[in-house]
4 protein chains.
Amino acid sequence: MNRFASRTGPIRLGMIGGGQGAMIGGVHRVAARLDGHFELVAGALSSTEEKARASAAEVGIAPDRTYADYAEMAAREAARTDGIEAVAVVVPNHMHLPVARAFLAQGIHVICDKPLTGTLADAQALKAAAEASEALFILTHNYSGYPMVREAQARVARGDLGDIRVVQVQYAQDWLAEDPGDGNKQAAWRTDPARSGAGGATGDIGTHAWQLMRFVTGLSPTALAADLQAFVPGRTLDDNAHVMMRFDGGARGMLWCSQVAAGEENALSLRVYGTKAGIEWRQEEPNVLRVTPLGGTRQFVTRASRATTEGSRRLTRIPPGHPEGFLEAFANIYGEAAQAIRAARTGAPWPEGVTFPTVADGVEGVAFVEACVRSSRGDAAWVAL
Amino acid sequence: MNRFASRTGPIRLGMIGGGQGAMIGGVHRVAARLDGHFELVAGALSSTEEKARASAAEVGIAPDRTYADYAEMAAREAARTDGIEAVAVVVPNHMHLPVARAFLAQGIHVICDKPLTGTLADAQALKAAAEASEALFILTHNYSGYPMVREAQARVARGDLGDIRVVQVQYAQDWLAEDPGDGNKQAAWRTDPARSGAGGATGDIGTHAWQLMRFVTGLSPTALAADLQAFVPGRTLDDNAHVMMRFDGGARGMLWCSQVAAGEENALSLRVYGTKAGIEWRQEEPNVLRVTPLGGTRQFVTRASRATTEGSRRLTRIPPGHPEGFLEAFANIYGEAAQAIRAARTGAPWPEGVTFPTVADGVEGVAFVEACVRSSRGDAAWVAL
Amino acid sequence: MNRFASRTGPIRLGMIGGGQGAMIGGVHRVAARLDGHFELVAGALSSTEEKARASAAEVGIAPDRTYADYAEMAAREAARTDGIEAVAVVVPNHMHLPVARAFLAQGIHVICDKPLTGTLADAQALKAAAEASEALFILTHNYSGYPMVREAQARVARGDLGDIRVVQVQYAQDWLAEDPGDGNKQAAWRTDPARSGAGGATGDIGTHAWQLMRFVTGLSPTALAADLQAFVPGRTLDDNAHVMMRFDGGARGMLWCSQVAAGEENALSLRVYGTKAGIEWRQEEPNVLRVTPLGGTRQFVTRASRATTEGSRRLTRIPPGHPEGFLEAFANIYGEAAQAIRAARTGAPWPEGVTFPTVADGVEGVAFVEACVRSSRGDAAWVAL
Amino acid sequence: MNRFASRTGPIRLGMIGGGQGAMIGGVHRVAARLDGHFELVAGALSSTEEKARASAAEVGIAPDRTYADYAEMAAREAARTDGIEAVAVVVPNHMHLPVARAFLAQGIHVICDKPLTGTLADAQALKAAAEASEALFILTHNYSGYPMVREAQARVARGDLGDIRVVQVQYAQDWLAEDPGDGNKQAAWRTDPARSGAGGATGDIGTHAWQLMRFVTGLSPTALAADLQAFVPGRTLDDNAHVMMRFDGGARGMLWCSQVAAGEENALSLRVYGTKAGIEWRQEEPNVLRVTPLGGTRQFVTRASRATTEGSRRLTRIPPGHPEGFLEAFANIYGEAAQAIRAARTGAPWPEGVTFPTVADGVEGVAFVEACVRSSRGDAAWVAL
């Protein structure tokens, strides 16, 4: 349990997007400060000047470091000796590429919300930009920050499951089961292809499910067959997706993501079955990992308990039975980023065990979305990955 | 809560199969007698004479009504004035047709284990035989005997869910995750195409999932795409199946059945999402139905509680909080059969509310299996139903 | 898994009480026939002649073995060569003594509903009668028939928990949270001291909790302090009881039983904590026993799974994941009785592992009720047991 | 959902205790900064100079505001124009009085860990000091910061439960089931009467359960009877307590707290039963409140869902299905404190809805502990409150 101690002053953080009325920007701010790793000192929280000013004031950003233009901010912050070291990018998908590129070009680390971009072309361009920069690129697939997801990953990696045969991953919500109307800003851009990209549910939550599955299993999908649907009248992007998958090595899987599953709040879950054991993790009960050896008894492995491995324990703060939640998991992504950024400051070697989703994971997520769309247009034909 | 009273003497029952070492035969016997509707008076529990004799003696069948040949039994029982009125058929799948046909031909009601047959040709032949007979044909898709499955069906039927959009049905077990060897009689015939038919997991448990889904939703699938796999080396029949489905009216669904899901015992579950509400039922917690109206609060509707409808209440025996289980649900199929058989005795009209899986349901189950196999051979191409 | 085979003809059973409108009589009849151990052949289901006749006809008792007077039935059945071997006593508490005594005097085994009697004096008189008879006396504390209760008992007995420190037992219902009025026959006698005895909730369900706790832990309580309450206006018998307990050897416990716990159906649960491990069993999820070694991981031990001991496995019928419920547990008490009765027929030694609640357990239950009442009248003073 | 916006600069916070190796100090620091309400700027994290220095450096406190003596810190901080506005007191119980008094005397708000003090005399002295000061006193009974605890309170307050009859509250842990030895600093002082006070489990966790029960129900206990035990050899303070309670208005209750309940992590739960409904909340599943109207269906009311009241919604940050946990609940106490402190800055009226545990609640907690000890010494005699 690591996060209560040892740090050497917070990392100076900027933010693009996340102004008044936004949701995910606030989450990033909590995640950044929860463990004291970051201090928010600059921002272009809106592209509208007045709103940018009001939003920045609310979150304690000084007027002289308040911007309405991300490009200007990148340039001016880079020029300051106390300029930001990292920037959180929490704008709609289609803006990820230009914004991130501007900061990467200045050598400023980028912490970017998911999915990486709206299109695969953008994703590849962003990957190129990240690779060309010395700065780090962190993609906030926050679910992989949950300690018991790390526990699952660690157990799969050390062979507890044997050879994986079957993967079942699901992400069900109902918040878009009806047309939310124009008043809902978060819904509006997510259902608009121009800002969201090719995927609806697949892009917004399917990419989370995909990354979670890939992170825990370590498997590479080789092909998928997808049946996408837009159930709500007038919607152009998918709000429900059924996907079958085949993996290198012979495993098979199914992925379901939905924004129209009436009665479901944020039901992300992963089950993995191998020759030796099966595991199950559910985001709505995140402090427990169900582990059942073949022929054995189901165990409820709890966060921070003695049965856990170092893989999960390094990302917990408080004793077992004291629930940690979504914000702590999100903060873990920021914490991992912080450790890498600090090492980068001094050229120290990569800190042991530190890992976070990268631009490469982001490309794979967007590739998943585009493969789903392509397969579905082909009547669910198999698409190679 | 109905079953403790009002009956007019048990129905005389015979049994084919279910001798020493069998499992499902014992289940049928408990189900038949649990509510006092049936009395087992004759049987060909094995085709081996000595075993037939020993098995029959154990379950209290008189020596003069003990047979080793089902055809002989059908003929001789039909000739008795106190001959059996109904017969339970609990032999391997490939024997369902000849056995059932022999009794149907004598006007003896048939209560047959699932799946209906091993092949679609057999299934259609059996359907023809059933239609040609005045006797009733009952297929023991026992899961539809659970009161809360009936509750789900009743609520869907009265429109509580609105228009159905998404169906998720799963049936996961792990008992065939390894090669059970020859010693396991139940496993042996289920993994043998000659006796089991074209389907492995699809036939043995997929048909249950299929029937459950169809019973509750009332939807007709129009097409499916299936990816079948035999994970255990040397196995020819599928032990894991991933299926995507499309339904008349636009709903979509996924079905997963597996006999190799390490750590799962008998995890059959059904979730149905409509425009107005979602429901979930899990076989391992059968006394509760989760119901969540869109925008509302999840409710745990419990068996026999005041919130239940007549659809489920007529199939319960004891107050809420007193769990009923698998055997009671199985007995409900026998109970429904008994009411229909009693009505048939006197030519009375069909008793209100009585329903059970029929030969037509059985044909659809086998058609599902064959469609899965066909689709999978075509690389998961869509197959129309 | 034992009950599907090996028997030598059913035991001839009679019943006193359980006529039309009764609940528990029907439960006994299902329990008696579920495994084929008993055949109901005689009965005085009501003391009103017409109702006795109608009730008996409904359950298939022949007219010449239908009685309205239990004493007459005891005499006449004892005189028949095919007379009943055992009788189920399902009348209100105050009638247990005279009815049971009449049959014990004829050497007929008695299977009696709980609590043993309404008063301790009656209980002791019944114990004397049982001891003076060669017949067996079985008290249907049915919850101890659940396989996973047996599993708990077996694990405690073999020392898995170490020294027991704390016991928490609870039985919460809400069916008497309001005055049910005269129309509810089952409620009427249970809230009437003349028929029910000194205890209300303590007698009706507290005795179940007490027996469950004693059966699983093997501990002897040495003293209790009880705070009883009748919350519903006009009620004279307790409908809620809080009890603290001390045990031989130093363990401590709490017992709560209530008939006014709004929203609870039949929430009987037991938790036992020792120096090495803790266990929990909940009647509404009866197929699982939670076991947590100190410093270890919580395990969900499921009925019939490989992890179970012979102590529970001999009382299960079907594979893990196929829920067994209340009626199966009740039938297990009948099954244990059947094995003892069959051994008694021939003078065979007591069958290995067979156990059921006896008249001595019943006396202790009534002693518990009277101690609660006495303690509560003394302002929850400790009462020695 | 309130906490992502609108604030006017963080409140300057100091801390006493919470140096290297401490647990709860780190929790307070996270809670203080999670929503950006506080900035830690001064501290006496240890009374050992070197450790104080090292600990302060780790958490970013400047050397010139690092102290080893709380009295010196109170005096010097009070003298600075940028001195701390509030102080977090996270030292062992026996030090709460002198430390808090020193800061209250300077008009510095005190945020104090629970229990209030080790003795009732100290508690009353601290209450007098708090009342004599203009500064606020906040006691971190953090469990009442959980949104769904607020939801429970709001529902009880508006009469959803009718008249309360029965209260069941439990707090079970196992971390002191064995002698932890001297190495465990947190265990060492908690099992030492000189530092912890009269209560062991009763003081450390019983006071939490007591406060939770009182907060939600609004009931005043009038008397209790307690049976305390120290199970671990050599221990002088109780590690298990069984308590019966009577309330003004006729309700009855039971409280169990234990540090030796093998297999329990942090199992705090509260159930309240009234004439109209029952509710249940479990700390290990904090995002849900179970609500069951009498005669109705159990509802799972989830945090931030539409069914919730303003009472809980004002303390949530993120949408339903995104779990919030222990740290967020703790931060809610800090958030409530922040709002009251900001109002106090300007003399603004008390902010609507803001509430937190006070010194008076603390006195009642210590009175509970002393009443338990007194009752237990009197063989669980009733002690008036």
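**Exercise 1. A salt bridge between chains B and A**

Task: In this predicted model, B:Arg298 and A:Glu264 form a salt bridge; state how far apart its closest N and O atoms are, where each residue lies, and whether each is buried or exposed.

Solution.
Step 1. The closest N and O atoms of B:Arg298 and A:Glu264 are 3.5 Å apart. A salt bridge requires a side-chain nitrogen of Lys or Arg within 4 Å of a carboxyl oxygen of Asp or Glu.
Step 2. B:Arg298 belongs to strand E13 (residues 298-302) of chain B, while A:Glu264 sits in the loop between strand E9 (252-258) and strand E10 (267-274) of chain A, so the pair joins two chains.
Step 3. Buried means under 20% relative accessible area. B:Arg298, with a relative accessible area of 23%, is partly exposed. A:Glu264 is buried, at 9%.

**Exercise 2. The partners of B:Arg246**

Task: Find a residue of chain A that forms a salt bridge with B:Arg246, and place both residues in their elements.

Solution.
Step 1. One partner is A:Asp379, with the closest N and O atoms 2.8 Å apart.
Step 2. B:Arg246 is in strand E8 of chain B, and A:Asp379 is in the loop between helix H12 (359-377) and strand E14 (383-384) of chain A, so this pair joins two chains.
Step 3. B:Arg246 counts as buried at 18% relative accessibility, whereas A:Asp379 counts as partly exposed at 39%.
Step 4. A:Asp227 also forms a salt bridge with B:Arg246, and here the closest N and O atoms are 2.8 Å apart.

**Exercise 3. The interface of chain B and chain A**

Task: Describe the contact between chain B and chain A by its residues, buried area and polar pairs.

Solution.
Step 1. Chain B contributes 41 residues and chain A contributes 41 residues.
Step 2. About 3,700 Å² is buried between the two chains, and carbon and sulfur atoms give 53% of that area.
Step 3. Eight salt bridges cross the interface of chain B and chain A. There are 26 residue pairs in polar contact between these chains, counting pairs with both residues at pLDDT 80 or more.
Step 4. On the side of chain B that touches chain A, the elements giving two or more residues are strands E6 (164-172), E7 (221-229), E8 (240-247), E9 (252-258), E10 (267-274) and E11 (277-282) of chain B.
Step 5. By class, that side of chain B has 20 nonpolar, 11 polar and 10 charged residues.

**Exercise 4. How the two copies are related**

Task: What turn and what shift lay chain B on chain A?

Solution.
Step 1. A turn of 180° with a shift of 0.0 Å along the axis lays chain B on chain A with an RMSD of 0.0 Å. This is the relation of a two-fold axis.
Step 2. B:Ala381 is the residue of chain B that comes closest to the rotation axis, at 3.6 Å (C-alpha).
Step 3. The copies meet through the same surface, because 100% of the interface residues of chain B are also interface residues in chain A.

**Exercise 5. The interface of chain A and chain D**

Task: How many salt bridges are counted between chain A and chain D, and which elements give two or more residues to the side of chain A that touches chain D?

Solution.
Step 1. The count between chain A and chain D is zero salt bridges. The interface of these chains has 15 residue pairs in polar contact (both at pLDDT 80 or more).
Step 2. Helix H1 (24-34) and helix H11 (326-346) of chain A give two or more residues to the side that touches chain D. H1(A) gives the most, with six residues.
Step 3. That side of chain A divides into 16 nonpolar, 11 polar and nine charged residues.
Step 4. The contact takes 36 residues from chain A and 36 residues from chain D. The two chains bury about 2,900 Å² between them, with 59% of it on carbon and sulfur atoms.

**Exercise 6. A buried glutamate**

Task: Is B:Glu324 buried or exposed, and which side chain does its own side chain join in a polar contact?

Solution.
Step 1. B:Glu324 lies in the loop between helix H10 (310-313) and helix H11 (326-346) of chain B.
Step 2. Its relative accessible area is 3%, so B:Glu324 is buried.
Step 3. A polar contact of 3.1 Å joins its side chain to that of B:Arg303.
Step 4. Leaving aside neighbours within four places in sequence, the residues in contact with B:Glu324 include B:Pro286, B:Asn287 and B:Leu315.

Note on methods. Residues numbered from 1 in each chain as written. Chains lettered and ligands numbered in written order. Predicted model: local features only at pLDDT ≥ 70, side-chain atom pairs only at ≥ 80, totals over all residues. Heavy atoms only, no water. Contact = heavy atoms within 4.5 Å. Buried area = accessible area lost by both parts, 1.4 Å probe. Polar contact = N/O pair within 3.5 Å; in protein donor to acceptor, adjacent residues only side chain to side chain. Helix = DSSP H or I, 4+ residues; strand = E, 2+ residues; numbered from the N terminus. Nonpolar A, V, L, I, M, F, W, Y, C, P; charged D, E, K, R; others polar. Least-squares fit on C-alpha atoms with pLDDT ≥ 70 in both. Buried < 20%, exposed > 50% of the residue type's maximum accessible area, 1.4 Å probe, protein only.
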